[in-house]
Amino acid sequence: MKRNDGRAPEELRKMEAKTGIIKRADGSAMFRIGETIAYAAVYGPRELHPKFMQNPEKGLLRCNYNMMAFSGSGDRVRPSANRRSREISMVIEKALEPVLDLTAYPNAVIDIFIELVQTDAGTRCAGICAAAMALADAGIPMKDLVSALSVGYLRNEIVVDINGEEDMNEGATDIAFACLPITGEISLLQVDGEIKKDVLLKALEKAKEAAKKIAEVQRKALKERYHDKHDA
Amino acid sequence: METIENKKIVVPGEVLATGMDFLPSSGTYRDKDKIVSIYVGLTNVSGRVIRVIPLRGRYMPKRDDTIVGKIMDMTFSNWFIDMGCANMGVLSVREISEFVERGADLAEYFSHGDYVVCKISKVTRSSVDLSMRGPGLRKLGPGKLVQVDSSKVPRVIGKQGSMISMIKDKTACRIVVGQNGTVWIQGAPEDEMVAAEAIYKINQESHREGLTEEIAALLEKKASKNKPLTREDEEPIMERGRNETE
Amino acid sequence: MTSMMHDHITALLQKEMREDGRKPLEYRKPIKVEYDISPKSAEGSARVTMGDTIVVAGVKLEVGTPFPDSQDEGNLMVNVELTPLSNPDYELGPPSVVAIEYARVVDRALREGHALDTKKLCIKEGEKVWTVIVDLYPINDAGNLFDAFSLAALAALKNANFPTFDKKTEKIDYKKKTKTPLPLDKSPLEVTVIKINGTLMVDPTIEEWKSVDARLTVGVLENGVICAMQKGGPKALTMEDISKMVDIAVEHTAKLRKLL
């Protein structure tokens with residue numbers, strides 16, 4: 001069965017990625033999947049303020065996810081943090097933390113700022129992909145990258161990387177997923193909707209396969225920043 | 001034994017070698033039979049040892065490094081200095097060459113926004129102590145600042161200081177290179193620009209062959225014909241240790 | 001202020017030079033305007049690059065009730081968020097007074113320069129009018145946000161088309177953009193002229209901005225008429241300064257307008 005945009009069930013939307021887009025940041029990246037465009041900047045490790053938040057045992061990973069006011073599919077998104085963006089920021093932190101060794105940064109913070117310029121579903125996943133690239137671009141030691149996407153279960157079929165229109169479907173189940181591409185360990189899992197266990201496990205396997213393709217795009221973009229100079 | 005390409009660009013999570021023939025060193029880790037990179041960096045294989053040298057990243061403070069930093073804050077007995085790493089450096093009043101009377105206003109010595117050259121005297125897990133006792137360690141006057149990646153500092157200095165000496169001679173500028181990648185340049189404005197351009201070029205193209213010749217050509221073409229500073233003009237700062245080894 | 005950077009900047013200016021090699025009245029390069037950076041979600045959008053500074057602008061349209069004193073006119077709103085993504089010194093939280101000033105200064109030129117024919121934004125007098133909202137964000141803040149925001153705001157307005165409005169259901173269909181552009185009447189643009197140690201200059205870097213003695217943002221229309229101004233900075237300006245600064249702004253707004 002073809003999807004509303006003509007894709008096969010296991011086909012990702014067109015992707016585009018670039019690093020080093022924000023010069024003032026220690027690391028930065030843009031990740032685009034379909035019509036969803038995320039920018040991420042990493043600052044740090046830098047001293048954490050206020051001082052009472054400092055932890056001599058472990059650094060803090062702090063993420064802020066934000067949709068630009070004009071990036072929504074309908075009405076203008078009112079600026080300032082709401083419950084949704086705060087929760088998403090938190091789950092993104094947890095999706096990225098497994099690849100970092102925060103004990104190496106006593107009293108310090110690594111800040112990740114994610115801005116969505118345009119959205120068409122899968123925004124937290126695009127944000128994670130951009131953020132993982134920005135962390136690597138900042139020269140922060142990482143066990144692996146993190147690759148993320150949403151998987152859907154609609155009309156009794158598993159489809160990867162659902163778009164906005166599919167997400168609006170009555171009875172659609174939406175799974176936000178992130179994994180370490182090498183080991184396949186899962187660092188983000190949120191399920192919205194009904195799904196049987198065996199279907200869920202199948203969906204996760206498909207997500208894992210698709211994540212490998214995303215990781216390829218991320219790796220290529222990280223190297224591209226240096227390639228021109230090498231060939232010259 | 002499989003061969004591993006040297007100076008290849010790798011990314012975090014990339015498998016560098018499989019099997020037990022190789023040993024993981026800095027910038028890598030072993031995951032069962034695999035050696036994996038933790039950085040966006042260049043592979044460096046010597047014998048059986050694999051390293052990954054990161055291409056970017058914040059400065060990691062080391063004892064005895066000379067750094068260029070900015071005064072961010074002060075208390076009655078310490079200055080706090082930003083040198084581009086995770087924690088501020090602490091310069092105690094006891095560690096400057098002048099005698100500071102008890103209760104003196106520290107801002108009369110160094111104040112917010114001043115740039116200083118210091119030596120790192122002690123590094124612990126979460127603190128960096130600085131000292132300004134030593135030749136050339138001081139507050140810096142008006143000058144141009146250039147930031148390079150700290151990993152490129154050995155290239156900017158060159159073998160036995162050859163690169164930085166060439167830039168100083170041709171541009172007639174005073175230059176202080178901090179191991180943290182902050183470079184201070186003082187000279188005629190046109191020459192400061194040329195010195196900065198040369199240093200940026202080294203930062204950008206550090207791994208290219210024939211860079212020294214290109215920098216020499218750039219300096220020859222653009223630097224004004226001001227007389228190089230004599231040794232007496234220049235306050236000595238040791239660009240010690242960790243010179244270029246490649 | 002007597003910081004090292006300030007001393008360096010003023011020493012260079014005595015020789016009519018700047019830290020990046022420019023002349024006092026020269027903009028950074030590249031300088032460009034790109035459109036449709038968020039075509040699916042915004043009614044209009046643009047990105048402006050000025051040297052290392054990058055900002056984006058997006059326009060959204062909403063339908064609301066008119067203000068009591070302008071029953072047949074639509075509304076304009078300008079909002080600036082100083083994203084911590086763009087500058088290590090920015091923090092999260094409610095808009096700072098700095099962000100508010102940027103928004104109000106950009107707003108002033110668009111409003112008082114009558115960029116939009118607000119009467120054409122009226123759907124039904126006294127009941128329904130369009131509100132045009134311009135949201136501005138820095139992506140990389142390397143200085144001169146005033147001018148970059150002003151240019152980006154005007155570019156995004158130029159790029160915007162009305163969404164479909166169903167008068168019966170009184171609902172907007174954002175997915176169906178019409179071919180009707182916004183009623184853009186005039187093109188007010190702002191240029192900020194700064195004064196450091198007696199020298200007048202444009203397009204300051206972050207370090208130069210920190211050393212500003214006084215600044216004047218001037219909104220100028222196509223015909224050279226002034227439509228908005230904002231003086232800032234810790235020191236006062238003379239009549240002579242202001243006269244020169246206006247001339248500089250008129251000249252450079254004309255140049256910047258050609259990028260649109």
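This is a short walk through a predicted model, stop by stop, with something to select at each one.

**Stop 1: chain B and its confidence**

Start by selecting chain B and colouring it by pLDDT. The mean for chain B is 89, and 91% of its residues reach 70 or more. Now pick out two elements of chain B. Strand 12, residues 128–131, has the highest mean pLDDT among the elements of this chain, at 97, while helix 4, residues 211–222, has the lowest, at 92. Then move to residues 240–246 of chain B, where the pLDDT is below 50. In the model, this stretch has 18 contacts beyond near neighbours in sequence.

**Stop 2: where chain B meets chain C**

Keep chain B selected and add chain C. Here 15 residues of chain B are in contact with 13 residues of chain C. Between them, chain B and chain C bury about 1000 Å², with 67% of that area on carbon and sulfur atoms. Which three residues of chain B supply more of its buried area than any other three? Select B:Pro142, B:Pro189 and B:Met193: they supply 42% of the area that chain B buries against chain C.

Next, look for polar features here. Three residue pairs are in polar contact across the interface of chain B and chain C, both residues being at pLDDT 80 or more. The number of salt bridges between chain B and chain C is zero.

To see which elements take part, highlight strand 13 (144–147) and helix 3 (189–204) of chain B, each of which supplies at least two residues of the side that touches chain C. Helix 3 of chain B gives the largest share of that side, four residues. By type, the residues on this side of chain B divide into seven nonpolar, four polar and four charged.

**Stop 3: where chain A meets chain C**

Hide chain B for a moment and show chain A with chain C. In this pairing, 30 residues of chain A are in contact with 33 residues of chain C. The two chains bury about 2600 Å² between them, 58% of it on carbon and sulfur atoms. Select A:Arg24, A:Phe70 and A:Arg76, the residues of chain A that lose the most area to chain C; together they account for 30% of what that side buries.

How many salt bridges are there between chain A and chain C? The count is three. For a salt bridge to zoom in on, select C:Asp52 and A:Lys23, whose closest N and O atoms are 3.0 Å apart. Across the interface of chain A and chain C there are also 19 residue pairs in polar contact, with both residues at pLDDT 80 or more.

Now highlight strand 3 (36–47), strand 4 (60–67) and strand 5 (108–118) of chain A, the elements that give two or more residues to the side touching chain C. Strand 3 of chain A gives the most, with six residues. The residues on this side of chain A divide into 13 nonpolar, eight polar and nine charged.

**Stop 4: salt bridges within the chains**

Side chains of opposite charge can pair when their charged atoms come close. Over all chains, the structure holds 51 salt bridges. Here are some to visit.

- In chain B, select B:Lys8 and B:Glu14, which meet in a salt bridge at 3.7 Å, N to O. B:Lys8 is partly exposed, with a relative accessible area of 33%, whereas B:Glu14 is buried, at 12%.
- In chain C, select C:Lys120 and C:Asp117, a salt bridge with its closest N and O atoms 3.6 Å apart. C:Lys120 counts as exposed, at 55% relative accessibility.
- Also in chain C, C:Lys124 forms a salt bridge with C:Glu127, again with the closest N and O atoms 3.6 Å apart. Both residues are partly exposed, C:Lys124 at 47% and C:Glu127 at 40%.

Then return to chain A and select A:Arg3, A:Asp5, A:Arg7, A:Arg13, A:Asp120, A:Asp161 and A:Glu166, which salt bridges with shared partners join into one network.

**Stop 5: a close look at A:Arg3**

Finish with one residue of that network. A:Arg3 is found in the segment before strand 1 (15–19) of chain A. Is A:Arg3 buried or exposed? A:Arg3 counts as buried because its relative accessibility is 6%, below the 20% cut-off. Its side chain reaches the backbone oxygen of A:Val160 at 2.8 Å. Leaving out residues up to four places away in sequence, A:Arg3 touches residues including A:Ala8, A:Pro9, A:Val159 and A:Ile162.

Key
Residues are numbered from 1 along each chain as its sequence is written. Chains are lettered from A and ligands numbered from 1 in the order in which they are written. Side-chain values use heavy atoms; hydrogens and water are left out. Contact means heavy atoms within 4.5 Å. Buried area is the accessible area (1.4 Å probe) that two parts lose on being put together, summed over both. A salt bridge is a side-chain nitrogen of Lys or Arg within 4 Å of a carboxyl oxygen of Asp or Glu. A polar contact is a pair of N or O atoms within 3.5 Å; within protein, one must be able to donate a hydrogen and the other to accept it, and residues adjacent in sequence count only if both atoms are side-chain atoms. Ala, Val, Leu, Ile, Met, Phe, Trp, Tyr, Cys and Pro count as nonpolar, Asp, Glu, Lys and Arg as charged, and the others, Gly among them, as polar. pLDDT is the predictor's confidence in each residue, from 0 to 100. Buried means under 20% relative accessible area, exposed over 50%, partly exposed in between (1.4 Å probe, protein chains only).
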